Amino acid sequence: MNYYTEVFDDKLHCIDIYQRYPLLKPFVGSDYGTVGPRILLIAESHYLPSESTVHINAESWYSSNEDKLTSKEQRWIHTRGILNKPLKGWQAKGHAIYRHLESALLKAGLPANDSVFRQTAFMNAFQRPAKTGVSIKTTNQDIEIAADTINQVIEALQPEYVVFVSTKAKRALSKRLNHRSVGFHHPASPWWNRKQNKISSKERFIDLISGFWNDKRTDR
């Protein structure tokens with residue numbers, strides 16, 4: 001069963017990086033914008049297996065395409081394949097971000113149904129994967145392509161709210177976007193639960209998403 005929609009794919013496929021790497025296309029939940037606000041969540045980047053080298057050089061990555069990847073590498077960058085799981089479907093150690101986001105979205109009041117992510121859209125900011133277990137070391141090319149890609153995704157999906165769940169991505173890209181955004185610490189990092197000014201990033205995220213969700217439903 002698919003928890004995502006392909007309604008926006010004609011526009012998304014026009015974006016250069018998705019012509020080279022279609023598997024990177026955003027996950028757009030099947031109920032995106034239908035019963036609540038259109039929320040675009042932006043994380044940091046995918047990873048590739050520790051033995052992979054195809055992503056080490058930025059220029060080489062952006063001039064290549066996903067046909068050059070092994071089947072295992074393709075699975076690791078398949079955004080929709082990773083997100084397309086029922087509740088509590090992320091057991092792998094490297095999928096902590098999805099477990100923590102799922103929990104926070106449920107606490108914010110989004111309906112569980114069989115997949116809370118079907119209410120949202122999700123993408124990674126940086127279009128080149130990082131080495132396993134570490135944050136991506138960005139080049140100017142990474143940042144330029146990320147900004148251009150996100151702006152085109154925003155144009156295609158028309159989100160009401162853009163929410164970074166990576167302070168690294170937010171700091172690098174928010175001023176380059178054609179849409180206001182808010183940002184939080186990465187849900188798989190210790191900072192997600194660490195309190196600053198008596199409130200954690202997780203708590204702020206829940207409060208904000210809850211406000212977005214309740215305001216929209218009240219309007220309807």
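The paragraphs below lead through a predicted model, starting from a covered strand and moving outward to its cores, a buried helical residue and two loop positions.

A convenient place to begin is strand E2 (39–43), where five of five residues are buried. Both faces of this strand are covered, with Ile39, Leu41 and Ala43 buried on one side and Leu40 and Ile42 buried on the other. Along its edges, E2 is joined to E6 by four bridges, the two strands running parallel, and Ile39 has Tyr161 as its bridge partner in E6. E2 also pairs with E4, again in the parallel sense and over four bridges, and here Leu41 is matched with Phe122 as its bridge partner in E4.

Two residues of this strand lead into the largest nonpolar core, which has 36 residues and in which Leu40, Ile42, Phe126, Ile150, Val153 and Leu173 touch the most other members. Two or more residues of this core come from each of helix H2 (16–20), strand E2 (39–43), helix H3 (58–63), strand E4 (121–124), helix H7 (140–157), strand E6 (161–164) and helix H8 (167–173). Among these elements, H7 makes the greatest contribution, giving eight residues. In soluble globular proteins, nonpolar side chains tend to be buried together. The surroundings of Leu173 show how parts of the chain meet: leaving aside residues up to four places away in sequence, Leu173 touches Ala125, Phe126, Ile143, Ala146, Ala147, Ile150 and Phe164. Apart from this core lies another, of 28 residues, whose members include Ile97, Leu101, Phe117 and Val165.

Helix H6 (residues 96–107) holds Ala104, which counts as buried because its relative accessible area is 0%, below the 20% limit for that class. When residues up to four places away in sequence are not counted, Ala104 touches Trp192, Phe205 and Ile206. Ala104 and Asp207, although 103 residues apart in sequence, are 9.5 Å apart in space, C-alpha to C-alpha.

Two loop residues can be read side by side for their backbone geometry. Gln158, in the loop between H7 and E6, has a positive phi of about 50 degrees although it is not a glycine; Gln158 counts as partly exposed because its relative accessibility is 44%, a value between the limits of 20% and 50%. Asn197, in the loop between strand E8 (195–196) and strand E9 (199–200), likewise is not a glycine and has a positive phi, of about 55 degrees. With a relative accessible area of 79%, Asn197 is exposed.

Methods: Residues are numbered from 1 along each chain as its sequence is written. This is a predicted model: local features need pLDDT of at least 70, side-chain atom pairs count only at pLDDT 80 or more; totals for chains, interfaces and linings use all residues. Side-chain values use heavy atoms; hydrogens and water are left out. Buried means under 20% relative accessible area, exposed over 50%, partly exposed in between (1.4 Å probe, protein chains only). Contact means heavy atoms within 4.5 Å. A nonpolar core is a set of buried Ala, Val, Leu, Ile, Met, Phe, Trp, Tyr and Cys residues joined through side-chain atoms within 4.5 Å. Two strands pair if DSSP finds at least two bridges between them.
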